[in-house]
Amino acid sequence: MVPSLPPIGLGTWENDDPAQCARSVRTALELGYRHVDTAEHYGNESAVGDGIASADVPRDELFLATKVHPISGGMTHDEVLDEAEASMERLGVDYLDLLYVHWPVGEYEAEETLGAFEHLVEEGLVRNVGVSNFDVDLLDEARGVLESPLFAHQVEMHPFLPQRELVEDAQRHGYTLVAYSPLARGAALTNSVICDIADQYETSPAQVSLAWVTSHENVVAIPKATSRAHLEDNLGAAALELDDEAIARIDDIERRTRFVERDGAPWQ
Ligand code: NAP
């Protein structure tokens, strides 16, 4: 059965201090987070693993996602297998719920790279295949070579980058769009429209930004937070339902900005 992801998961990019990272993962799991996102490239998989080990959550209730990186790890068949194994060792787990291609750059080649993903699925080491930072053409190509269904596409999405074409693609083909930087790396929290709606709902700008992201069918968000207060605030967004007028006001925000870039990204 294809699992469905909770609307709010935990991001961990730049949660670099190992003790702090382990603490926030543990606190998040204690608060009720069940989807944790990391990456080989973040250099914090061991700390994420420590946080998971110190929390009292059965492995089968946790949805753990990591990513293989084209530069720090490589995208050839054997490099992907080696990287996935090293990630699992650092995370202290014997399978991954979701493994992503972090970026379709460098040696990424759909047939070879995703062939290695298929191999990991067949071996039972990876439960679901994901890609990140793709465009619709690359998504079509990936689906064309994959035998298992594409489970998720992780991409930047927030009120300044609504990603309408990619959201529609996820809905049309039945996979999950995992929205990264869903708070626009903090920038959404001072936007006047977001703040005004937060006042109206007597909630925080973070909850408004996240509730707008997750109001889209097939879309979940993975805000990064370190403190208990931020973790708790973000998880609370799952219970916030914005009305059509609030959603339309956020849809109409004119500012368009992307916060995450990489040479060779498909949108360049
Ligand atoms: P983000 O989640 O949009 O924003 C994180 C920032 O917002 C941090 O400074 C955090 O501060 C602050 N924050 C969090 N909750 C808050 C709250 N309730 N109130 C006020 N401030 C709050 O940015 P992100 O880290 O770029 O994206 C989230 C995750 O997506 C990453 O951690 C990573 O897992 C993933 N990601 C993936 C890719 C990719 O290429 N696939 C790229 C970027 C990100 P504190 O830390 O102090 O709480």
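Reader: What makes the pairing of the ligand with T226 a polar contact?
Author: An oxygen atom of the ligand is 2.9 Å from an N or O atom in the side chain of T226. The cut-off for such a pair is 3.5 Å. The distance of 2.9 Å falls within 3.5 Å, so this is a polar contact. Keep in mind that the model is predicted.

Reader: How much of the ligand does the protein cover?
Author: On its own, the ligand has 900 Å² of accessible area, and the protein covers 87% of that.

Reader: How do you know that H102 also makes a polar contact with the ligand?
Author: Use the cut-off again. An N or O atom in the side chain of H102 is 3.3 Å from an oxygen atom of the ligand. That is within 3.5 Å, so the pair counts.

Reader: Which residues come nearest to the ligand?
Author: There are 29 residues around the ligand, and D37, S181, R185, K224 and H230 come nearest. Helix α9 (residues 228–236) gives the largest share of this shell, three residues. By type, the shell has 13 nonpolar, 11 polar and five charged residues.

Reader: Why is the link between E30 and R26 called a salt bridge?
Author: Their closest N and O atoms are 2.8 Å apart. The limit is 4 Å, so the link qualifies as a salt bridge. E30 and R26 are four residues apart in helix α1 (residues 18–31), which means about one helical turn separates them.

Reader: How many salt bridges are there in the whole structure?
Author: A search finds 10.

Technical notes. Residues numbered from 1 in each chain as written. Predicted model: local features only at pLDDT ≥ 70, side-chain atom pairs only at ≥ 80, totals over all residues. Heavy atoms only, no water. Near = heavy atom within 4 Å. Polar contact = N/O pair within 3.5 Å; in protein donor to acceptor, adjacent residues only side chain to side chain. Areas by Shrake-Rupley, 256 points an atom, 1.4 Å probe, with all protein chains shown as cover. Helix = DSSP H or I, 4+ residues; strand = E, 2+ residues; numbered from the N terminus. Nonpolar A, V, L, I, M, F, W, Y, C, P; charged D, E, K, R; others polar. Salt bridge = Lys/Arg side-chain N within 4 Å of Asp/Glu carboxyl O.
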